[in-house]
Amino acid sequence: MSQLDKKAGLLRRTSSSKKTLKEKVVLMYDEIFSKEDPAKNAPRFWDELFLMKVNLEYLELKLESVDEEVQHSQANINALFHYCIQALGEEHPIKVVNALQTLCALFRGVHQKNRSASGFDIINLLMGFDKAEQRMKDLMERLDSLLCGEGSESLKSLCLKLMLCLVTVTDNISQNTILEYVMINSIFEAILRILSDVSSKHLHGYDPVVLLALLVNYRKYESVNPYIVKLSIVDDEPTLDGMGMVIQQALTEYNRQFRDKQEETQGGFFSTLTSMVGSMFIADADEKLSVQTNEAILLALYEAVHLNRNFITVLAQVRSNIANSSTMLETILSLCRVVMNNPELPLDPNLQTTNLLITFLKYASILMQDTKDEHRLNSARLCLIILTCIAEDQYANAFLHDDNINFRVNLHKMVNLMVEFIVTHMMKDFPMDLYLRCVQIIHKLLCYQKKCRIRLHYTWRELWSALINLVKFLLSNETTLLVKHNIFHLALLVVNLFNMFITYGDTFLPSSNSYDELYYEIVRMHQVFDNLYCMVLRVSTNTGQWKEAASKVTYALVNIRAIINHFNPKIESYTALNHISQLSEEQVLEVVRSNYDTLTLKLQDGLDQFERYSEQPKEAAFFKELVRSISLNVRKNVSLNTMSQDVLLKEFSTIS
């Protein structure tokens with residue numbers, strides 16, 4: 001039996017002949033793929049077709065069959081496409097359902113068979129090139145009407161799935177020529193309407209958010225994309241809040257799944273046995289804790305943050321979905337107690353916060369625990385790009401640093417996340433790109449604090465310690481790392497972070513004691529900085545590809561070396577004078593405080609300047625591959641099973 005026969009819905013007679021019969025809809029499909037006009041001898045052919053339950057798999061396989069067969073029946077395929085659009089305007093919902101599903105099969109089947117064909121050939125095969133503009137205009141208008149109307153929620157869901165199907169039929173969405181018509185006949189307003197409506201965003205929110213993220217990436221570097229332009233100027237609060245709510249729900253679900261997996265591994269016999277035998281089962285435990293990433297929703301968050309400045313306020317917005325008012329009051333009072341008792345809000349998945357940024361930081365924290373998998377590595381990179389956009393945005397910094405804002409987003413968590421990453425990813429397969437982004441995010445936050453003279457009450461010693469350990473790692477693995485990476489660029493960024501604290505720390509460190517502690521850490525760990533200076537001096541005085549990069553680090557170390565060379569003799573003198581073999585921290589701090597006056601430092605220019613983030617051209621290749629990966633995943637998940645009619649038809653079961 002052929003593949004087509006298997007999908008043809010064959011029925012077996014009970015007679016002795018055992019002859020098989022095909023479903024009526026399959027026979028009608030066969031007529032469409034013949035050379036004759038199926039309506040020639042059956043005037044009601046098209047009306048009857050859309051009353052038949054669609055056999056999606058058979059229709060797609062038919063479209064994927066021999067080229068000659070399809071070419072001979074092009075006029076009939078064009079007619080099928082046309083009558084599908086006509087059926088979308090029918091009052092009979094069964095016809096609309098069948099038309100939407102048939103369109104999905106047409107888009108998929110034609111593209112599947114003709115992957116090497118040009119977009120123009122595919123358009124011609126589907127709808128006829130001379131009529132394509134009108135056909136697509138009619139289609140988009142009908143879809144817009146269905147999405148914005150007061151009709152069936154199931155039909156709206158199916159319309160969105162059809163659009164996701166259309167957008168993702170090619171691996172590279174920028175090669176999907178049909179999307180030119182989607183650019184001309186925009187459904188942007190329909191998407192926004194769903195996201196702004198209280199019930200619609202809960203029922204359908206995920207699909208329109210992902211659809212919008214994909215449409216924004218259609219030929220975004222090659223031409224003017226109207227979806228980019230329109231998204232960048234959206235200022236309607238309910239719409240932006242709806243988008244934020246959908247994104248937060250998806251991230252919260254990921255955090256919940258991780259928490260559940262974590263609890264599974266911590267309980268029961270397996271957990272006990274693991275703790276007894278040490279690390280024997282560590283790999284298995286890590287595998288169990290792995291939860292599939294959601295790159296599509298991250299892309300949607302990135303596009304919203306990157307393109308729309310008004311969306312920045314949504315990050316810190318407190319929203320409540322608590323139905324019971326007494327429960328809501330209890331939750332608010334509980335959160336108030338947490339904030340009052342601990343200004344550093346914990347990134348605890350059990351704490352039910354209603355803030356998008358805190359939810360995102362928790363998501364990023366979980367994600368960054370393991371970046372060995374390519375998808376997780378890409379997701380971690382995208383998380384850091386999003387944080388980069390936030391860190392250099394004036395509006396974002398204003399609310400991040402505002403102590404008076406209700407349920408303020410805790411900036412400590414953002415810095416903690418960067419410190420956590422720096423400390424935990426010093427490994428053989430060194431993620432240099434992620435480290436560079438981490439250090440740059442911290443630098444951008446410090447630049448804002450210096451500019452606005454904001455004193456953040458943070459334990460900066462944790463950051464200084466992490467940075468010094470990073471320098472030690474670079475020194476220990478110099479030979480191995482230089483094969484793949486320019487470690488001098490990262491070293492320069494780290495040194496300049498210290499220079500930022502040294503030069504401008506009096507404007508943003510929480511107290512004079514913090515400034516003293518900075519000098520204490522530099523002096524205490526002077527050997528690391530001495531070793532770094534020796535290494536960069538050696539490389540900069542020899543000819544080689546890293547000569548210039550190493551020279552920049554040599555110059556950047558001037559003030560750090562001045563501090564070390566100034567205070568070390570003073571400490572040695574104090575030790576000898578007081579006959580003490582080893583000084584306590586407080587004694588060293590006393591020496592530091594009493595010898596500031598004789599310290600001479602050089603003013604270094606440009607420490608509070610940074611290159612602003614730009615997607616094009618540096619990140620273009622990354623986003624192209626990311627969108628390709630998302631497109632493949634969306635296409636796989638908008639499966640034939642999700643397009644099943646059973647649920648849809650049940651809604652219309654009362655219709656005669």
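Let's start with one pair: the side chains of Glu 586 and Arg 593 come together in a salt bridge, with 3.3 Å from N to O. Here a salt bridge means a side-chain nitrogen of Lys or Arg within 4 Å of a carboxyl oxygen of Asp or Glu. Arg 593 is partly exposed, at 35% relative accessibility. That label covers the range between buried (under 20% relative accessible area) and exposed (over 50%), using a 1.4 Å probe and protein chains only.

A word on what you are looking at: this is a predicted model, in which local features need pLDDT of at least 70 and side-chain atom pairs count only at pLDDT 80 or more, while totals for chains, interfaces and linings use all residues. Residues are numbered from 1 along each chain as its sequence is written, and side-chain values use heavy atoms, with hydrogens and water left out.

**The whole protein**

The protein has 36 helices and two strands. Both kinds of element are DSSP runs numbered from the N terminus: helices are H or I with at least four residues, strands are E with at least two. Of the 656 residues in the protein, 52% are buried. Now take the contacts (heavy atoms within 4.5 Å). Among those with a separation of 6 or more, 77% are between residues 24 or more positions apart.

**Salt bridges**

How many salt bridges does the structure hold? There are 34. Here are two that link distant parts of the chain, as the table shows.

| Pair | Closest N to O | Elements linked | Separation in the chain |
|---|---|---|---|
| Glu 189 and Lys 230 | 3.5 Å | α12 (residues 188–196) and α15 (residues 226–232) | 41 residues |
| Glu 585 and Arg 461 | 2.7 Å | α34 (residues 585–593) and α27 (residues 460–476) | 124 residues |

How open are these residues to the surroundings of the protein? Glu 189 is partly exposed, with a relative accessible area of 43%, and Lys 230 is partly exposed too, at 26%. In the second pair, Glu 585 is partly exposed at 31% relative accessibility, and Arg 461 is partly exposed at 22%. Arg 461 and Glu 585 also belong to a network of salt bridges that includes Glu 517, Glu 521 and Arg 524.

**Two helices side by side**

Next, look at helix α6 (residues 74–87) and helix α9 (residues 132–148), which pack at an angle of about 30 degrees with their axes 9 Å apart. The axes are lines fitted to C-alpha atoms over the stretch in contact, and angles run from 0 to 180 degrees between N-to-C directions. The two helices are therefore roughly parallel, a label for angles under 35 degrees. Their crossing is left-handed, meaning that the near helix is turned anticlockwise from the far one by less than a right angle.

Which residues meet here? Phe 81, His 82, Ile 85 and Gln 86 of α6 touch Arg 135, Met 136, Asp 138, Leu 139 and Arg 142 of α9. These residues divide into four nonpolar, two polar and three charged. Nonpolar covers Ala, Val, Leu, Ile, Met, Phe, Trp, Tyr, Cys and Pro; charged covers Asp, Glu, Lys and Arg; the others, Gly among them, are polar.

**A residue in a loop**

Finally, find Thr 170 in the loop between α10 (153–167) and α11 (179–184). Is Thr 170 buried or exposed? Thr 170 counts as buried, at 14% relative accessibility. Leaving aside neighbours within four places in sequence, Thr 170 is in contact with His 111, Gln 175, Asn 176, Ser 631 and Arg 635. The C-alpha atoms of Thr 170 and Arg 628 are 8.8 Å apart, although 458 residues separate the two along the chain.

How values were computed
Parallel < 35°, antiparallel > 145°, perpendicular 65-115°, else oblique.
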